[in-house]
Amino acid sequence: MLCAISGEAPQVPVASRKSGNVFEKRLIEAYISEHGTDPVTNEELTTDELVELKISRIPKPRPPTLTSIPSLLTAFQNEWDALALETYDLRQHVAQIRQELSTALYQHDAAVRVIARLSRERDEAREALSKITVNGGAMSNGTAMQVDRPELSSTLVAKVETTSEKLTGTRRKRAVPDGWATGREIETFTSVVASKPLYSGARSLSADTSREMFLTGGDSGVAGVYNVSTNQLVKELEVGSGAVTDAIWTGSRIVVSTSSGVVKFFDNGAEDSTFSSHAGKVTALAIHPSGDILASVGVDKSYILYDLENSTQATQVYTNSELNCASFHPDGRLLAVGANDGQVKVFEVTTGNNAANFEESGPVRDLAFSENGIWLAVITEGSSSVSIWDLRKASKIKVLENGNQIEKIRWDYSGQFLAIAGPSGLIVQQYSKTAKEWSVPLQSAVPALAVEWGANAQSLVSLDAEGVITVLGLK
């Protein structure tokens, strides 16, 4: 009686109920624990299905080759020789692996050093590029570059100071205008007008002083003026030079920026002047409260101020990070820009000095000063919340959770309402001075990438990803 696995007489024989084969108990139990089947028939088998056989214990005969001392010594010598040969092979294998590991570590270290050097050279090149402006004329020997930061003219400085004094003295005492929308009225806002898709890729929306005409533009390099009262596109402007990144009204004039770094001015539908001082995409525009100064920001880490009265570039100030958005303080003394490094950088308009920095958790997507002159609302890339910063305390005093991604924010003129636009819909947050708390009078499912307030806050005008302009208001 021999074991079906080892072919030797079993010490503790057991038989399978399914196949009837005899096995050594320890061998068949080990096989079942690993495979769960009968080794002969491959049928499912458990240890409970094994039957132990009762036999008399027979001493196992010694192999005929191990019946003498010389044969035992020979067997031991053969085993030792095999063990020594195996040890030698293992040591060779370990030495080869060590050599391969050493080579891999050396290559990894060299790659890390090369990547670090290239990254440093790239950052140095970007830094150098962000601090240069190529002259409009030919460059001498192909290398001459001019770092240009002219001082703001005395005329513009006087305008900034005069505007600031005028607005500072009246802003805090200013009452809510008659006929201004209330929270209860905003609660009833619903979609009343929707345009056809205007411009694919449009992400900007700007209202004129009447809040009847709205300016937008898209990837095709065309900007248009849409009249919400007549639900018609009344004017188109051929911008060219890349996709429209932002468009804004400056009185009756229109300013459009593009992805190719061009800022174009239009008057009565005709191109008035063109600037291409940004070394790369222009990301946003902002108009000064005086109406005589325009700011543009770009990926070249700089912001530029323009003298609108003379249609000239006034100054260019460089920072240490790409800029995504900009907003003037209601008094006009400060300009806040949102950077890709997660900082909100606040500059003095007249000197270009960095007055303050506010740290956010990611690239700043949009920002807007409240008309109270104290609060600054900020959103970051992909964020679902709005941070409210207090300029007096230089600290974050409130985080308004939206629940969905936010693209744009806009305060109303009274400073009570903050419109929040995102792909999932529009939300209006209201702050009550008496109760000192926030509430949400409006939650709309109308998707929006940009938003503006209508006249007297009696409506909201939004722009979605397909270029559709929607007006929400009272029925």
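## From a surface patch to paired strands and salt bridges

In this predicted model, residue I69 belongs to helix α2, which covers residues 69-130. I69 counts as exposed because its relative accessibility is 62%, and together with L73 and F76 it forms a nonpolar patch on the surface, the three contributing about 360 Å² of accessible area. Further along helix α2 lie R117 and E121, which are 4 residues apart, or about one turn of the helix, and whose side chains meet in a salt bridge with an N to O distance of 3.3 Å. Both partners are partly exposed, since E121 has a relative accessible area of 37% and R117 likewise has 37%.

The strands can be taken next. An open sheet of 4 strands follows the order β13-β14-β15-β16 with antiparallel pairing, and its edges are β13 (282-287) and β16 (312-318), each of which pairs on one side only. Neighbouring strands of this sheet are turned against each other by 20° on average, with direction ignored. Within the sheet, β13 and strand β14 (residues 293-298) pair in the antiparallel sense over 5 bridges, and V282 has G298 in β14 as its bridge partner.

A further antiparallel pair is made by strand β19 (residues 343-348) and strand β20 (residues 354-359), joined by 5 bridges, with V346 standing opposite A356 in β20. These two strands form a hairpin with 5 residues between them, and in the turn G352 has a positive phi of about 80°.

Salt bridges also connect parts that are separated in sequence. The side chains of K396 and E360 meet at 3.5 Å, N to O; because K396 lies in strand β24 (residues 395-401) and E360 in the loop between β20 and β21 (364-369), this pair ties together parts that are 36 residues apart in sequence. K396 counts as partly exposed at 37% relative accessibility, whereas E360 counts as buried at 8%. A second such pair is D366 and R410, whose side chains meet in a salt bridge at 3.3 Å, N to O; since D366 lies in strand β21 and R410 in strand β25 (residues 408-411), the pair ties together parts that are 44 residues apart in sequence. Here D366 is buried, at 4% relative accessibility, and R410 is partly exposed, with a relative accessible area of 22%. R203, R365, E381 and E407 are linked in a network of salt bridges, and the count for the structure comes to 17 salt bridges.

Disulfides, by contrast, number 0. Among the residues that count as buried are C3, at 4% relative accessibility, and C325, at 3%.

Methods. Residues numbered from 1 in each chain as written. Predicted model: local features only at pLDDT ≥ 70, side-chain atom pairs only at ≥ 80, totals over all residues. Heavy atoms only, no water. Patch = residues over 30% accessible without salt bridge, like charges linked within 9 Å, V, L, I, M, F, W, Y side chains within 5 Å. Areas by Shrake-Rupley, 256 points an atom, 1.4 Å probe, with all protein chains shown as cover. Salt bridge = Lys/Arg side-chain N within 4 Å of Asp/Glu carboxyl O. Buried < 20%, exposed > 50% of the residue type's maximum accessible area, 1.4 Å probe, protein only. Pairing = 2+ DSSP bridges. Axes fitted to C-alpha atoms, helices over the stretch in contact; angles between N-to-C directions. Disulfide = S-S within 2.5 Å.
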